Amino acid sequence: MYIYLRKLYELTASDDLAGFLGGMALLEDGKPTDPAVWADWISSLEEAKADKL
């Protein structure tokens, strides 16, 4: 998802996407710069897996 959003940013130069990507960027320990991103990501994955399209 990060790569997709980064490519979208490259096409649009959106300030909103830049801020979002900044929070998603990974630190040397592999954790995102914004700790809430990980919890939000896991929650989204669980929701997507539960959705029976």
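**Salt bridge, pocket and surface of the predicted model**

One salt bridge is counted in the structure, a salt bridge being a side-chain nitrogen of Lys or Arg within 4 Å of a carboxyl oxygen of Asp or Glu. The model is predicted: local features need pLDDT of at least 70, side-chain atom pairs count only at pLDDT 80 or more, and totals for chains, interfaces and linings use all residues. Residues are numbered from 1 along each chain as its sequence is written, and side-chain values use heavy atoms, with hydrogens and water left out.

The salt bridge joins the side chains of Arg6 and Glu10, at 3.8 Å from N to O. Both residues belong to helix α1 and stand four residues apart, about one turn of the helix. Helices are DSSP runs (H or I, at least four residues), as are strands (E, at least two), and they are numbered from the N terminus. Arg6 is partly exposed, at 35% relative accessibility. Glu10 is exposed, with a relative accessible area of 55%. Buried means under 20% relative accessible area, exposed over 50%, and partly exposed in between (1.4 Å probe, protein chains only).

Helix α1 also holds Tyr4 and Leu5. Tyr4 is exposed, its relative accessible area being 53%. Leu5, by contrast, is buried at 11%. The C-alpha atoms of Leu5 and Leu21 lie 7.4 Å apart in space, with the two positions 16 residues apart in sequence numbering.

Tyr4 contributes to a nonpolar surface patch of about 800 Å². Its other members are Met1, Leu8, Leu11, Trp38, Trp41 and Leu45. At least two residues of the patch come from each of α1 and α3. Patches are made of residues with over 30% relative accessible area and no salt bridge; like charges are joined within 9 Å, nonpolar side chains (Val, Leu, Ile, Met, Phe, Trp, Tyr) within 5 Å. Accessible areas come from the Shrake-Rupley method with a 1.4 Å probe, and for residues only the protein chains shown count as cover.

The largest pocket encloses about 320 Å³ of space. It is lined by 13 residues, of which Met1, Met24, Val37, Trp38 and Trp41 are the closest to its centre. Helices α1 (2–12), α2 (15–24) and α3 (35–50) each give two or more residues to this lining. The largest share, five residues, is from α3. By type, the lining comprises 10 nonpolar residues, two polar and one charged. Here Ala, Val, Leu, Ile, Met, Phe, Trp, Tyr, Cys and Pro count as nonpolar, Asp, Glu, Lys and Arg as charged, and the others, Gly among them, as polar. On a 1 Å grid over the protein atoms alone, a pocket is an open set of points with protein on both sides within 12 Å along at least five of seven lines; lining residues have an atom within 4 Å of a point. Grid points are joined across faces, edges and corners, and a volume is the space filled by probe spheres set on the points.

Ala13 sits in the loop between α1 and α2. Its phi is near 55°, a positive value in a residue other than glycine. Most residues other than glycine have a negative phi. Ala13 is exposed, at 51% relative accessible area.

Ala18 is part of helix α2. Ala18 is partly exposed, at 31% relative accessibility. Its C-alpha atom is separated by 21 Å from that of Ser44, 26 residues away along the chain.

Note on methods. 1 Å grid on protein atoms, 1.4 Å probe; cavity = no way out; pocket = protein on both sides within 12 Å on 5 of 7 lines; lining within 4 Å.
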